Amino acid sequence: MLKNNCFWFYCCLLSIGFSNSLSAQTPQVPRQYVIGAHTVSIDANTAASAQRYLQQWTQDPAAWRAYKTKLLPYMRLAAEVLQDQKVPKELVYAALVNRSLQEPTLKLWFVNFSRNLEIRYVQNLFIDETLNPALTSYHAAEYFNKNHKISTNWWYTLYSYFSGSVAMIQHLKANPSPPPGSTIQAHSNSDELAQYWAWRTALEADIAQPGKDESYSLVPYWVNDETLESVAIRLKVPYVQVRELNSWVKEEIYILQNQPVLVRIWAQSPTGEEENARLAAQALQRPEMSLADASNEAVNIVYAAAIEGNRAYTADYSTYYVLGAANTGSFGSANARQHTVSRGESLFAISRQYSISVNDLRTWNRLRTDNLSIGQRLFIENPNPTSSNNNNSSNNSNNNNSGNNQATRPEDNRQTQNQTQNQTGARQHVVQRGESLFAISRQYNTTVDALVAANRLGSMALSVGQVLILPANASSGQQQSSGGNNSSNNNGSNGGTYQRNPVIDRSVQPIAAAAGAPTVSQSLSLADIRLELSPLTRNRVQQDVNAFYRSQRFLQEKIARANQHLFIVEEVLAGEDVPNVFRLLPIQESDFNATAVSSSKAVGYWQFKEPAAREFGLLINAQVDERMNIIASSRAACQYLKRSHSFSNNWVFALLSYNMGFTGARNYFAQQYPDLPFDQTPSRLLLDDEAHWYLVKFLAHMVAFDHLLNQNASPIRIQNYTQGNRKTLQQIAREQNVNANTLKDFNKWLKASTIPNDKTYHVALPMAR
């Protein structure tokens, strides 16, 4: 009897454990979600209904994972379309309402937009437009924008999708839209709302932050008078792939008229810098940080070290990401407390919880948008600092703030907390947590060089509490303006620069050009796009230019190496119809060093990682590594740049995508230039104080080197030799009457003794002029 009881007790424990494992795999449905500018709450019945849907979908974990893997690329595509059309991404989950798990993956948006938008989908023997997720997503965005003009409330707009426009208008009359930031109790407990809640709970984390191993992205490419085959040829992507993604086109030879075709493109950068930015975000204790902000912050923190060591201008930017991030600690001050964002929380709700303003939260955490992610950590500065905050200024006999209990913002206290005087009257700065030489130089309108000289620093590393002597030319330190306060003259809508609230510190004084260095203009042109530089960004470019001119020997070596390769690179750029200014990119990426290897294992002149190299046709095996082939790698880089430009019509976007990847650059432009349509060529762009470091570096190379490069200055000219298969370099040298050692130096891509015969290889032939 005892044995039987033990047996049944053991079975109960197993069943409880199994039940818990199932519940662990099924996420818990929250009662609140942020939709637009409001927090929306659902009742217990709707939440329970949504939870049942989730349990039903996830009861077979393997099947659910496989289903999500197929569905997510299309949902990310739909979310990007909504965002491009100025519709909040969170409305994308309505695309799956009334969807069966047996529906074709391509089928999204199960509402007939024809009646509301006066459109007619083409459904015949040749095409079925209802199965085109890009087209239906554009129509969904049009529908949402149309109803939002009436409701001015994105929750009511979403409600109209479930219940119809008439029901929305009737509800709006009875319940006017509450002010932004308030909480709304959902008036509908419909099955559609439960499905929306369940789909959002199931997919939101995956859509917001794609996995680091997801190398491809689905992108809509608008075509007119083209077939799927001509699209594949134009974009140099496999036709079979285009055909598979666009099964809504039933007849291969059908000529498409003003329709978006789905194309799968390489979404990561060739250089693999996204992973370094993720490492930076992790080391900065900000895993939710955008890649642009993470890389910018980490690079800025060690900006001084990057300038001091000329390595910053070769291949290994990624080292500065990781080292810089590891040395920072956190964004908050020593008095800051952390708040971990829970499901359904908004900035408004968190600000009320701590009796602070939303603007303070944005400032303390350097937030570009009001979007939060679950688990994100926010720094909450103490609005009533204690007297211990002023310990650093105890040596200042004139300090009257030690007992001040008035609520202040951190930047208001920076002068009294951090700046002191020593006995000789020299002003000092006490290093705070997270500060770098670059940040301190910005704070006092001085330069890193001046700080290094004044303090006789042997390295760029700082420690908390370290006392720095401020140079005589340093300002008081009470600077910093940003965003809305100073954006009236640079508003994107009015000024044509597409930024709504640019961050500009107008108190920044211009840095002078170093001896022999060109002066950076406030306005520069890159591939017919006029770039307007904020004072701080202009100074960042000038600092880089000055660094290049510190050593004339170093400068001349870079120019000589570039001039050797210039003829063949310009020939490839011209043949691929890529602007000639991109001849500077191999200088920035590798210093025209064939064997350059970054910490992210990117190799060669253009710094390709192996997966990206293979995607763009470069061969890597025991015999060859074409990443080190100046001709083949230049063609591959042009293909990448051209493909980015094909979708964006923006060479600045193409340049940035080379570092951030297509997806990263798209997200950056969506945040930085929200009023710029994705596929529109801008005539002007403003680079404000938060301009991406990669653009800053490229502009510095452009100013420093563009006027010095001259292919005629080199005693040799590299030509493309394609008759080398089955030959050794020694044979080619004798045949073409060139120096064998020089030929070998320019063809380090060849690992074998003989050039293989499996394809046509490009041999860089250094011919004397």
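**View 1. Glu252 and its salt bridge with Arg243 in the predicted model.** Glu252 is partly exposed, with a relative accessible area of 41%; partly exposed denotes values between buried, under 20%, and exposed, over 50% (1.4 Å probe, protein chains only). The closest N and O atoms of Arg243 and Glu252 are 3.8 Å apart, a salt bridge being a side-chain nitrogen of Lys or Arg within 4 Å of a carboxyl oxygen of Asp or Glu. Arg243 belongs to helix 10 (residues 239-245); helices (H or I, at least four residues) and strands (E, at least two) are DSSP runs, numbered from the N terminus. The Arg243 side chain also reaches the backbone oxygen of Val249 at 2.8 Å. Leaving aside residues up to four places away in sequence, Arg243 touches Leu228, Val249, Lys250, Glu251 and Glu252, where contact means heavy atoms within 4.5 Å. This is a predicted model, in which local features need pLDDT of at least 70 and side-chain atom pairs count only at pLDDT 80 or more, whereas totals for chains, interfaces and linings use all residues. Residues are numbered from 1 along each chain as its sequence is written, and side-chain values use heavy atoms, with hydrogens and water left out.

**View 2. The salt bridge of Arg666 with Glu80.** The closest N and O atoms of this pair are 3.6 Å apart. Arg666 lies in helix 26 (residues 651-672) and Glu80 in helix 3 (residues 61-84), so the salt bridge ties together parts that are 586 residues apart in sequence. Arg666 is buried, with a relative accessible area of 7%, and Glu80 is buried at 15%. A search of the whole structure finds 21 salt bridges.

**View 3. The salt bridge of Lys558 with Asp591.** The two side chains meet at 3.1 Å, N to O. Lys558 lies in helix 22 (residues 552-576) and Asp591 in the loop between helix 23 (585-590) and helix 24 (610-615), so that distant parts of the chain, 33 residues apart, are linked. Both Lys558 and Asp591 are buried. Elsewhere, salt bridges that share partners join Glu80, Asp84, Lys89 and Arg666 into one network.

**View 4. An open sheet of three strands in the order 11-12-13, with mixed pairing.** Strand 11 and strand 13 stand at the edges, each with a single partner strand, so one side of each is left without a neighbour in the sheet. The twist averages 30° from one strand to the next. Four bridges join strand 11 (residues 523-526) to strand 12 in the antiparallel sense; two strands pair if DSSP finds at least two bridges between them. Strand 12 and strand 13 (residues 684-687) pair in parallel, also over four bridges. Arg530 of strand 12 stands opposite Ser525, and its bridge partner in strand 13 is Arg684. In the hairpin of strands 11 and 12, with two residues between the strands, Ala527 takes a positive phi near 50°.

**View 5. The two faces of strand 12 (residues 529-533).** In a regular strand the side chains alternate between the two faces of the sheet. Ile529, Leu531 and Leu533 form the covered face of strand 12, and Arg530 and Glu532 the uncovered one. Leu533 stands opposite Leu687 in strand 13.

**View 6. Helix 21 (residues 535-548) and its surroundings.** Of the 14 residues of helix 21, 13 are buried, so this helix is largely enclosed by the rest of the structure.

Technical notes. The expected span of a helix is 1.5 Å times one less than its number of residues. A polar contact is a pair of N or O atoms within 3.5 Å; within protein, one must be able to donate a hydrogen and the other to accept it, and residues adjacent in sequence count only if both atoms are side-chain atoms. Axes are lines fitted to C-alpha atoms, for helices over the stretch in contact, and angles run from 0 to 180 degrees between N-to-C directions.
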